[in-house]
Every structure is written in C-alpha cells, then in structure tokens.
Number of protein chains: 2
Amino acid sequence: MSANSRLTIAAHALAWISLYQRQGHEVATSEQIATSANTNPVVIRRLLGELRRAGLVESRRGMGAGWSLARELDSMTLLDVYEAVESGPLFAMHRATPDQGCVVGYGIQPAMQGIYEGIEETLRRELASVTMEDVLRDVLAAPR
Amino acid sequence: MSANSRLTIAAHALAWISLYQRQGHEVATSEQIATSANTNPVVIRRLLGELRRAGLVESRRGMGAGWSLARELDSMTLLDVYEAVESGPLFAMHRATPDQGCVVGYGIQPAMQGIYEGIEETLRRELASVTMEDVLRDVLAAPR
DNA sequence: CAAGTCGCAACAATTGCTGTTACGACTGTT
DNA sequence: AACAGTCGTAACAGCAATTGTTGCGACTTG
C-alpha cells in the first residue's frame, strides 16, 4: 500500500495554527507552517485549501494575510480532516472487469465491495473518535 | 490515497483455486486464474508467490504444474492475505523530518504514530474477522 | 502605489502498481 | 533423451498519485 502523508501534514498544520493563535496571533502563514513541517509553502497552501473547502480553516488575503481556524479543535475530528484531504477508497477493485462468465469473476466484486465498505465504516468510526484537540494534547505531551 | 487491488486479486485467486479444487481438479494454473481475473498470468504468479511465502498456497512445477491451497479456506483470514500482499503502514509520516526545534514539529510524529497504530490494530482485527470461506460464500451468493 | 501573501497553473521527480515480454528451471510423458 | 507445459524471475514500459518547485496574477492593508 502506497502510504501518503497528507493526513499527517494536515494535522500538523492545524495543530500549528491553533497553537500560534493561542499565543495571541491572528493568522499563520503557509511559510511558517511549511518551515515547521519541513516542506514547501505551496504544499501547505494546497492542503489548507482543501481544509478550507471543508470548512475547517479560513484564509485572508492581502497584507497581513494568512490562515486561521474556522472551528475549535475540539469540534474537529480526524475524520473531518481525513475526508477533506483523502480521496477514494482504501482498497480498489480489479482494474479491468473480471470474466463475468466465471462464477468467481461474477461474484467477487459485490462480495469484496461489501467487506470493504464494512472496513471503511470502522475506519471512519475510529477516526471520528479522535479530535484535533486530542492530537494537540498528545503533541504537547511528547517528552522533551 | 492511492488504492490498490492487490488484496482483491489475491482473494479472487484463492477463491478460484478453492472452487476449482472442489470441482475435483488438483491444481489451477496462473493462466486460468488470470483469465478469470482479466489480467496477466505473471501478475497472478507474483501475487501467489507472496501467498506461498506466507504458507497459504503451494505450487508444483514441471508437467501438470499449477497452484493448490496449503490450508482450508476457513482457516485463512483476510488478515493473512493482507499481510502477505500488502506492505507498509496505511498512513505515512512526514517525508522530511519536521523542525525539531518547534514544539509541534517535535511532538507531532509520536502523537500521530500512536494514533495510527491504534487504527491499524483495528483494521487488522476487522480483517481477521473475515475468513476466505466467508468470502467464497459471499461470492457464490451473488444474485444471477 | 508598495508590500506581503494567497490562489493556482504548470512541470519535474519520485514512487508504487500493473502489464508485458522473455527466458531459464523444473518435471511428467513419450 | 527429447518434448511440452508451467512456474520463477528479471527487465522494462505505462500509468497514476504524491510531492516539490517555480512563476505570476489577485487581493488587501498601509
């Protein structure tokens, strides 16, 4: 499975913005977040753009521009973030339609579909049980 | 998330071999399975090779060669298949180490690591609760 | 009008999966 | 001993997704 870091980086950005705001600042720039996450500002802007579409953050343009939270972290779950930045199912079906004249080729897709849906539902429930506030607490709890 | 069909194809192959054996045949060829799955025999051989390494199937070479199950389907769970054909974690950390001088950059990896481990454990439990016998039953239950 | 930052398009690099060809290794049959 | 059928595996191309990068227009405050 080709793992990707989109959820990790998105959570990083949200935690960073929240902490920065708690220190009294109004907005955080993609440049600052990118420095903390050790990546490119455009990567951050792309991800935050998706979070904005999902209503998790807001952005201001012009002078003194930047990003701020649209909701409190405790009303924001990892599922919200996951759905904002991840697309498509965890497991895929055959790339080419299997032989419909074969019993297995005919029945395998509905069978796996049902199983995969159950698994994704469980994943969602798991993600929904963790708020971004929980994540930030864990972040701050890391031993020095 | 880049979904892949390795688990689906592996399950397809196992179900096909089992059904074929229940019809009285000793071994199935990668050619036959590939026809049912509408892919290339080498793709099937690659996947079945991984299942063989995991002790789920056996192969014979020479004349009358092919693949057979090494265990009954009801003693084989989707987790066994998943672990045989999938590698690496579902979610990845940052590709470049985040800024260790930043509180968030320092604490984010252990925080997310812990959360991801819990999620993967849940996924494993879910996959372990479905046997390949269940899958084959579902396959055969597809309405005509 | 100047400065700072977002918004977005475009492109390259990297990675993983899939499909394909090729060919040697192996073994039952003749 | 030769043949035929199939596995085992390497090599390579095609494709898609992610990531990183550059460039530049759009926007807003001072």
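## A tour of two protein chains and two DNA strands

Start at R46(A): one of its polar side-chain atoms lies 2.9 Å from a base nitrogen of DNA strand D. This is a predicted model, in which local features need pLDDT of at least 70, side-chain atom pairs count only at pLDDT 80 or more, and totals for chains, interfaces and linings use all residues. Residues are numbered from 1 along each chain as its sequence is written, chains are lettered from A and ligands numbered from 1 in the order in which they are written, and side-chain values use heavy atoms, with hydrogens and water left out.

**Stop 1: DNA strand D**

Stay on this strand. Select T39(A) next. An N or O atom in its side chain is 2.5 Å from a phosphate oxygen of DNA strand D. Then cross to chain B and pick G62(B). There, a polar backbone atom is 3.1 Å from a base nitrogen of DNA strand D. Which elements give two or more residues to the surface near this strand? Colour helix 3 of chain A, then helix 3, strand 1 (57-60) and strand 2 (66-69) of chain B. Helices (H or I, at least four residues) and strands (E, at least two) are DSSP runs, numbered from the N terminus. Helix 3 of chain B gives the largest share of that surface, four residues.

Now widen the selection to everything near DNA strand D, meaning residues with a heavy atom within 4 Å of it. You get 28 residues, and the closest are S5(A), T39(A), M63(A), S30(B) and G62(B). By class they are eight nonpolar, 11 polar and nine charged. Ala, Val, Leu, Ile, Met, Phe, Trp, Tyr, Cys and Pro count as nonpolar; Asp, Glu, Lys and Arg count as charged; the others, Gly among them, count as polar. On the DNA side, 60% of the strand D atoms within 4 Å of the protein belong to sugar or phosphate, and the rest to bases.

**Stop 2: DNA strand C**

Select S5(B). An N or O atom of its side chain is 2.4 Å from a phosphate oxygen of DNA strand C. For T39(B), the corresponding side-chain distance to a phosphate oxygen of DNA strand C is 2.5 Å. Move to M63(A): a polar backbone atom is 3.4 Å from a base nitrogen of DNA strand C. Elements giving two or more residues here are helix 3 (41-53), strand 1 (57-60) and strand 2 (66-69) of chain A, together with helix 3 (41-53) of chain B.

The full set around DNA strand C has 29 residues, with S30(A), G62(A), S5(B), T39(B) and R46(B) coming nearest. The set divides into eight nonpolar, 11 polar and 10 charged residues. Of the strand C atoms within 4 Å of the protein, 63% belong to sugar or phosphate.

**Stop 3: where chain A meets chain B**

Hide the DNA. Select residues in contact (heavy atoms within 4.5 Å). Chain A gives 58 residues and chain B gives 58 residues. About 5,000 Å² is buried between the chains, 67% of it on carbon and sulfur atoms. Buried area is the accessible area (1.4 Å probe) that two parts lose on being put together, summed over both.

How many residue pairs are in polar contact between chain A and chain B? The count is 16, with both residues at pLDDT 80 or more. A polar contact is a pair of N or O atoms within 3.5 Å; within protein, one must be able to donate a hydrogen and the other to accept it, and residues adjacent in sequence count only if both atoms are side-chain atoms.

On chain A, light up helix 1 (6-22), helix 2 (30-37), helix 4 (78-85), helix 5 (103-128) and helix 6 (132-140), each giving two or more residues to the side that touches chain B. Helix 5 of chain A gives the largest share, 17 residues. That side has 37 nonpolar, 16 polar and five charged residues.

**Stop 4: the axis**

Superpose chain A on chain B. A rotation of 180° with 0.0 Å of shift along its axis does it (RMSD 0.0 Å). That is the relation of a two-fold axis. The fit is by least squares on the C-alpha atoms of residues with pLDDT of at least 70 in both copies. Of the interface residues of chain A, 100% are also interface residues in chain B, so the copies meet through the same surface.
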